[in-house]
Amino acid sequence: MEKMNSQSKNQAFDLVPGTAWTGKWNQNPYKIIKTLGKGANGVVYLAHTRTGQKAVKIGEDKMSLTSEVNVLRAFSKVQGNVLGPSLLDVDDLIWKGEVYPFFCMEYLEGETLLDFAKKRGTEWIPVFMVQLLGDLDRLHQEGWIFGDLKPDNLIITGPPSRVRWFDVGGTTKQGRAVKEYTEFYDRGYWGLGDRKAEPSYDLFAAAMILIETAYPRRFDKPVGASSEKTLSLLRRYIQHSPPLAAYQNVLLRALKGEYPNAQLMKKDLIQTIEKKTSRKPPRNQQRTGNPRKSTQGRRGSAGSSKEKASYRPEIILTTSFLFLSSVLYFMGQWM
Amino acid sequence: MNHGKIKQILLLTDGCSNQGEDPAAVAAFAKEKGITVNVVGVLDHGSARDHGLQEVESIAASGGGVSQIVNVNQLARTVQMVTKQSMTHTLHGVVQNELSQILGSGQEVDDLPPDKRGEVIDVVDELGETVNLDVLILVDMSASMKPKLPMVQDALTDLSISLHSRTGENHFALFVFPGKRKETEKVLDWTPEMNSLTGVFQRMTTGGITPTGPALQAALQHFDKRLSKRSLKRYGEDEFPIEESGF
């Protein structure tokens, strides 16, 4: 649930750089370097800790911060802890007689999606979307829904550039009502579904993020508009933007909630990207009219039986071998 | 909190009641009866604002509820937040009571070590998801509210979407004040669906007086009526004690 500050007595709770304290329960020392940002449930600071520079989130509201800790804790039980920033410490801070809960997590350094795209080119955006959909799929398989999915909660780390999420305050168990959301990315707001935590809820938000990259100023829903009206409005926005129009089918399916899981949307998105890039050079092989052919060839590298008299399969095999071995190498480094 | 059900009155007003008893007094009485009063103030800028603001805050404070002042374009978001936040407060209170019975009085959730606290919050979250909820919505239809009514309708539809996404049951009733002939008029009796709202507000004529106190009174009576009707039927049909809600 989204928190409001109207009731909170600690509205102006702000710690200046240099502020130091020791946790009430675990006795770990902290010293603030700077403020990183303000989330729905508290303020995030960069701080010196025993183990180096980490992010510390200090809550204004004890309840919602604890909810967030519960989510991070559940994530840390997942193999490899790839779902969110890793949780390092949970404790209380006593400041001027008041008790504030806080937790310490891994510090993710990077840029926002839109800043990154501005600097490095918009061709990155679909790539990040593919990454994001892969992460969402894993999250969904663990029984969670991200909920408040929006560019503010995403960060591009790297190199190598990779999209990560860092504010998991809205993460909700599947089947429940989504804890936190932002209207523009919320299908309930657009009248295109409820707020039940299910994979299609996140996929709607993912589609809206992609749409937003073409309309950074966003746009509003007309008051009292029916779901047909809002859908056709969104469709028009997609069609009017050349970079979005290419993804029209994927976007509309996501908006209509037609993808039961992130994997399917990811697959469609990848196909669209491939179609888009293969269209650029004028080598139209319109013999069969089967757009899947090329992708199948590329994927089925392991057992490609129909070898034609060309070097293509060899090249593909070699690249995939190189790719696989580099993946193995990096995994080895990771472990 | 009887029978594992949360009862709320949600008042949408621009403040400045001008007829009948003090709404804050009625709200205080409601609180004693286990009904929380939440207020969303849709205020204009100008001189009336301060007075309106005060009234909004004092009604919610007396009614044990949450208040929030908004611009009309944030209405949908706020109505749903206020309702849910108030629910969590109520549940937190219940869990807190249980805890002090177990741990001795004076012991608060915040005094627990972070690990234990997490478990308590899990229970609160679970209850918030599954508990049954009755919301009686009370809409101020005085002349100054008229231009805001389409947004009010949107906000209520949005609230219905949010609450229906929960596992627990919801019932809504909608009252407006002043009504055509009476101070308060019932627009919608207890119903699980709020889809039937479309067009309701267009038909309404807005009036000049703002009898907020009497309207709250009528809302309370409507809750009572529901209770007595229930007990005439089979007792506690779809209601269950909160202790047994499955965890």
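Glu111(A) comes out as partly exposed, at 25% relative accessibility (buried means under 20% relative accessible area, exposed over 50%, and partly exposed in between, with a 1.4 Å probe and protein chains only). Its side chain pairs up with that of Lys119(A) in a salt bridge, 2.4 Å from N to O (a salt bridge being a side-chain nitrogen of Lys or Arg within 4 Å of a carboxyl oxygen of Asp or Glu). Lys119(A) itself is exposed, with a relative accessible area of 62%. The model is a predicted one, so to speak of local features takes a pLDDT of at least 70 and side-chain atom pairs count only at pLDDT 80 or more, while totals for chains, interfaces and linings use all residues. Residues are numbered from 1 along each chain as its sequence is written, chains are lettered from A and ligands numbered from 1 in the order in which they are written, and side-chain values use heavy atoms, with hydrogens and water left out.

Over all chains, a search of the whole structure turns up 22 salt bridges. As a general point, side chains of opposite charge can pair when their charged atoms come close. One of the bridges joins Asp194(A) to Arg187(A), at 2.9 Å from N to O. Here the two partners sit in different accessibility classes: Asp194(A) is partly exposed at 29%, whereas Arg187(A) is buried at 5%. In chain B, Asp189(B) and Lys186(B) meet at 3.5 Å, again N to O; Asp189(B) is partly exposed at 31%, and Lys186(B) is partly exposed at 42%. Back in chain A, salt bridges link Arg253(A), Lys256(A), Glu258(A) and Asp268(A) into a network.

Turning to the nonpolar interior, the largest core holds 63 residues, and those with the most contacts inside it are Leu136(A), Leu149(A), Trp190(A), Met208(A), Ile211(A) and Leu255(A) (a nonpolar core is a set of buried Ala, Val, Leu, Ile, Met, Phe, Trp, Tyr and Cys residues joined through side-chain atoms within 4.5 Å). Helix 4 of chain A, residues 199-214, gives this core its largest share, nine residues (helices, H or I of at least four residues, and strands, E of at least two, are DSSP runs numbered from the N terminus). Domain 1 (20-105) and domain 2 (113-278) of chain A each put in at least three residues, with domain bounds taken from an automatic or database domain assignment. Setting aside neighbours within four places in sequence, Ile211(A) is in contact with Phe219(A), Ile238(A), Leu244(A), Leu251(A) and Leu255(A) (contact means heavy atoms within 4.5 Å). Apart from this core lies another, of 41 residues, among them Val40(B), Val66(B), Val95(B) and Ala155(B). In soluble globular proteins, nonpolar side chains tend to be buried together.

The structure also has four cavities of 30 Å³ or more. On a 1 Å grid over the protein atoms alone, a cavity is a set of points where a 1.4 Å probe fits but cannot get out, and lining residues have an atom within 4 Å of a point. The largest cavity has about 60 Å³ of space, a volume being the space filled by probe spheres set on the points, which are joined across faces, edges and corners. Both chains appear in its lining, which is made up of Leu65(A), Thr66(A), Val69(A), Val90(A), Asp91(A), Pro101(A), Phe102(A), Pro114(B) and Arg117(B). Helix 1 (62-76), strand 5 (87-95) and strand 6 (98-105) of chain A, along with helix 4 (114-130) of chain B, each supply at least two residues of that lining. Helix 1 of chain A has the largest share, three residues.

A few backbone oddities round things out. Most residues other than glycine have a negative phi, and most peptide bonds are trans. Lys96(A) is not a glycine, yet its phi is positive, near 50°; this residue is found in the loop between strand 5 and strand 6 of chain A, and is exposed at 76%. Arg218(A) likewise has a positive phi, of about 60°, in the loop between helix 4 and helix 5 (227-240) of chain A, and is partly exposed at 34%. In chain B, the peptide bond from Phe177(B) to Pro178(B) is cis, with omega near -10°, and Pro178(B) lies in the loop between strand 5 and strand 6.

Note on methods:
On a 1 Å grid over the protein atoms alone, a cavity is a set of points where a 1.4 Å probe fits but cannot get out, and a pocket is an open set with protein on both sides within 12 Å along at least five of seven lines; lining residues have an atom within 4 Å of a point.
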